[in-house]
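Here are a few friendly notes to read alongside the structure. They start with one helix pair, move on to a metal site and end with another helix pair.

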Amino acid sequence: MKNYSRICPDCRELISYVSEPVCMCCGKELPREEEDEAFCRDCRGRERSFKYGYALINYDKLMTRSMSAVKNRHRREYLDFYGEELFEKLGDRIGHMAPDIFVPVPIHRSRLRIRGYNQAEELSKILSAKTGIPTASDILIRRKKTAALKNLGEGERRKSLNGAFDTLRKLEKGERVCIVDDIYTTGSTVEACAKELLAAGASEVFFICVCIGCGRK
Ligand SMILES: [Zn+2]
C-alpha cells in the first residue's frame with residue numbers, strides 16, 4: 001500500500017513537520033530568537049554520548065494524542081504510517097549516518113505484556129524492511145520501569161533513568177548504531193541508551209525519532 005493512502009489529505013495538513021533551522025545535535029526546531037545558534041538550549045554546553053539525530057514531527061497536541069493512542073489504545077497501525085514516513089522524509093539522513101544496526105529503545109517487559117508491542121521496535125522494523133539495515137532488539141534492555149518522564153525536569157529525568165537500561169551483549173565489531181524511538185523530549189532517554197551502547201562497544205551512536213519537543217511554538 002502506498003504510504004499516502006494511509007492518511008487523508010486533511011489530516012496530513014495538520015501535521016507539523018520539523019523544519020529548518022534545527023539544532024545540529026538533536027534536530028529540534030530552533031526558536032525564532034535562537035535561529036542563529038548551532039544548538040538548542042537542551043544541547044548547548046551539554047556532553048552528548050550520541051553524535052546527532054533527527055526527528056520528523058513536532059510533538060504538539062495532535063501528536064500527543066496520536067502517540068498516546070499508539071501506546072494506550074492499541075492503535076498499532078498508526079506506526080505503519082509513521083515508520084514509512086520516517087523513511088520517506090529522513091531516509092537520506094539515515095544513509096549519511098550509515099548505521100550497521102537499528103536499536104529500538106526498549107520498554108519494560110510489564111509494559112510490553114500489556115501493550116503487546118514496543119512502538120520503537122515496530123518503527124525500527126519498518127526502517128529495516130525499507131533499508132536492509134537490521135533491527136537488533138537483543139542488545140538493549142530496560143531493567144527499571146520508569147514513571148512517565150513528561151512531568152519531570154531534566155535533572156529528575158536523568159535520576160529516574162539512572163540504571164534503567166542495560167546491555168545483554170557486546171558489540172564486538174564496533175558497530176555504528178542508530179537508536180530508534182517514538183518521542184524525544186530533552187534527550188535524556190536517548191542519552192542513557194547511547195551511553196550503554198558505547199560502553200558495550202558501539203563506535204558511534206545516532207538516533208531517529210518520530211516526534212520531538214517543539215522548539216518554535
Ligand atoms: Zn538540541
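1. Please keep in mind that this is a predicted model. A good place to begin is the crossing of α6 and α7, which is right-handed. Seven residues are worth picking out by class: the contact of α6 with α7 has two nonpolar, two polar and three charged residues.

2. As for the geometry of that pair, helix α6 spans residues 154-161 and helix α7 residues 188-199; their axes come within 10 Å and cross at roughly 40°. The two helices are therefore oblique to each other. On the α6 side the contact is made by Glu154, Arg157, Arg158 and Leu161, and on the α7 side by Ser188, Thr189 and Ala192.

3. Next, look for the zinc ion. Its protein donors are the SG atoms of Cys23, Cys26, Cys40 and Cys43, at 2.3 to 2.4 Å from the ion. The four donor atoms make angles of 107 to 114°, and the site is tetrahedral.

4. Along the chain, the zinc donors are spaced as C-x2-C-x13-C-x2-C. Cys26 and Cys40 both lie in the loop between α1 (9-14) and β1 (53-59), so this pair ties together parts that are 14 residues apart in sequence.

5. Finally, turn to helix α2 (residues 61-72) and helix α3 (residues 78-97), whose axes come within 10 Å and cross at roughly 120°. This pair is therefore oblique too. Met63, Ser66, Met67, Ala69 and Val70 of α2 meet Tyr78, Leu79 and Tyr82 of α3. By class, this contact has seven nonpolar residues, one polar and no charged.

Technical notes: Residues numbered from 1 in each chain as written. Predicted model: local features only at pLDDT ≥ 70, side-chain atom pairs only at ≥ 80, totals over all residues. Heavy atoms only, no water. Axes fitted to C-alpha atoms, helices over the stretch in contact; angles between N-to-C directions. Helix = DSSP H or I, 4+ residues; strand = E, 2+ residues; numbered from the N terminus. Parallel < 35°, antiparallel > 145°, perpendicular 65-115°, else oblique. Left-handed = near helix turned anticlockwise from the far one by under 90°. Contact = heavy atoms within 4.5 Å. Nonpolar A, V, L, I, M, F, W, Y, C, P; charged D, E, K, R; others polar. Donors = N, O, S within 2.8 Å, 3.2 Å for Na, K, Ca; no water. Tetrahedral: all angles 85-135°; square planar, octahedral: opposite > 155°, others 65-115°.
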